[in-house]
Amino acid sequence: VTVSVLYWKMLNIRVKWGKEAFEVPVDLSAPGASLKASLEKLTGVPASRQKIMGVKGGSLRDDVLLSEVGLSESKPLMLIGTAETAPSKPTEVLQFAEDSTAQGHQETEVMSNGLVNLGNTCYFNSVLQVLRVVPELRKRLESSPAGLAKAMSALYKQLDSTRDKVSPTHAWAALMAQNPQFAQTTDRGFPMQHDAQEALSTVFSAVNELECEDPLFRGETVNGANQQEPFTMLRCMIAQDVQILEAGIERGLGTGAEGRKLSSLPQYLMVHMARFAWRQDTNENAKVLRPVSFPQVLDVFSLCTADLQRQLEPARTSLKQQRESEGRIKKVGAPDTDPESAPKRSPDPVSGWYELAGVVSHKSRTLDSGHYIAWAKKAGRWLVFDDDKVAQVSEEDVSRLRGVGEAHIALVLLYRCRDPITGRAAVVDERVALSGA
């Protein structure tokens, strides 16, 4: 009898940690701290720094009995944490950078690497990849001593140092610490699907603490009563009569006395496509599938206050004259020449023209399901980031994200006022893009 009781109390569970997996025998009558102690011996991750996902209640607490958290041999757990002790063997052979064949991709190289999906974390992967096209963000992330910003800084350095896919484990753990709603799990104990726009807002809440006098994402609007309001993301309202992005943004800013105008512009302009609306009949956030076209070069001049328009006018006139004198008039989306061959010069000023540089898209009819991927422009070419899979795509592929049937549809757009490598601004005049290579 004693043997049968002992057998009932023992269980072999599977625990995933990064790319590794362990089979761990556990005593169901023991507390959570005992499992953490076992994992510390296997992985070197201190028990105090472990976060174990896949149990009832979100993450495993030290004092809860293992018999009460829904452990099962068929349901793996996930360990999040960094080993304190170095591994007994080096994981890779030491190489000099010039001899390495596995070093990271260069800024001017048309290819990149992806991120591992930790289980319904595609929403966060897509946000990380889109923000990766903002090189100025790196220095601001590095200045943070801890938290989500610091974890993102470390992740970007890791991505830049290799051509292989990278696991965003620590950045995702920092996201959950910044906003606990992202720690919610399914009935099976895996991370729940979340809205990429909410994840982006959480990132901005961390990044905004680092914003200096020359903001990257923060602009301001003002209403008729001269009340200023900052923003990091404009909203494009999807309505029956909205067919283009500019009209949706104008609708989002409002009309009449409560309507707002742009009073200052950021270097990077984020736009949220408000595609989800609550349906009473199905009791869910359903997607509005109406097509809304967005341009490769966006002009927000008409959405600005009269004062801001007067400030922008000299720069806009100068840029157009400069491009015309250079004889570099090109169609929108025509490939740039090699950025490394471009002459070094002062960056073009903010002018109200913005070039599309990134998109987060979603495929599903509801907010709480489906799949997110990122689309980003690098070295004049478009890439698609489907978690750890990366491929080159065409500008037309990106334009199709306006909303066509059941395919991927754009939810977040990232526009930039100038190319971060060349410093050149995209310029639009009578539907012709004049952009320097």
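This passage describes the helices, a helix contact and several individual residues of a predicted protein model.

The protein chain has ten helices and 21 strands. Buried residues make up 49% of its 437 residues. Among contacts in the chain with a separation of 6 or more, 70% join residues 24 or more positions apart.

Helix H6 spans residues 169-178. Seven of its ten residues are buried, so the rest of the structure largely encloses this helix. The buried residues of H6 are Thr169, Ala171, Trp172, Ala173, Ala174, Leu175 and Met176. They pack against elements from several parts of the sequence. Two are strands, S3 (51-55) and S5 (77-80). The others are the helices H3, H5 and H7, with H7 covering residues 196-207.

Two of these partners also meet one another. Two packed helices are described by the angle between their axes and the distance between the axes. Helix H3 (residues 122-131) packs with helix H5 (residues 147-160) at an angle of about 70°. Their axes lie 12 Å apart. H3 is therefore roughly perpendicular to H5, because angles of 65 to 115 degrees count as such. On the H3 side, the contact is made by Phe124, Leu128 and Leu131. On the H5 side, Leu148, Met152, Leu155 and Tyr156 take part. Seven residues of this contact are nonpolar, with no polar and no charged residue.

Helix H9 runs over residues 306-326 and has 21 residues. From its first C-alpha to its last, H9 reaches 30 Å. That is close to the 30 Å expected at 1.5 Å a residue. H9 nevertheless has a kink of about 35° at Leu312. The proline Pro314 follows shortly after the kink. Leu312 is also one of the buried residues of H9. The others are Leu308, Ala315, Arg316, Leu319 and Arg323. An α-helix has 3.6 residues a turn, so residues three or four places apart point the same way.

Two loop residues have a positive phi without being glycine. In Ala379, phi is about 55°. Ala379 sits in the loop between strand S16 (371-378) and strand S17 (381-386). In Asp387, phi is near 55°. Asp387 belongs to the loop between S17 and strand S18 (389-393). Its relative accessible area is 10%. Asp387 is therefore buried, because the limit for a buried residue is under 20%.

Ala83 lies in the loop between S5 and H3. Its relative accessibility is 28%, so Ala83 counts as partly exposed. Leaving aside neighbours within four places in sequence, Ala83 is in contact with Trp17, Thr43, Gly44 and Val45. Ala83 and Gln50 are 33 residues apart in sequence. In space, they are 9.5 Å apart, C-alpha to C-alpha.

Glu250 is placed in helix H8 (residues 245-253). Its relative accessible area is 44%, so Glu250 is partly exposed. Glu250 and Arg235 are separated by 15 residues in sequence. Their C-alpha atoms are 8.8 Å apart in space.

Key: Residues are numbered from 1 along each chain as its sequence is written. This is a predicted model: local features need pLDDT of at least 70, side-chain atom pairs count only at pLDDT 80 or more; totals for chains, interfaces and linings use all residues. Side-chain values use heavy atoms; hydrogens and water are left out. Axes are lines fitted to C-alpha atoms, for helices over the stretch in contact, and angles run from 0 to 180 degrees between N-to-C directions. Helices (H or I, at least four residues) and strands (E, at least two) are DSSP runs, numbered from the N terminus. Angles under 35 degrees count as roughly parallel, over 145 as roughly antiparallel, 65 to 115 as roughly perpendicular and the rest as oblique. Contact means heavy atoms within 4.5 Å. Ala, Val, Leu, Ile, Met, Phe, Trp, Tyr, Cys and Pro count as nonpolar, Asp, Glu, Lys and Arg as charged, and the others, Gly among them, as polar. The expected span of a helix is 1.5 Å times one less than its number of residues. The bend at a residue is the angle between axes fitted to the seven residues ending there and the seven starting there. Buried means under 20% relative accessible area, exposed over 50%, partly exposed in between (1.4 Å probe, protein chains only).
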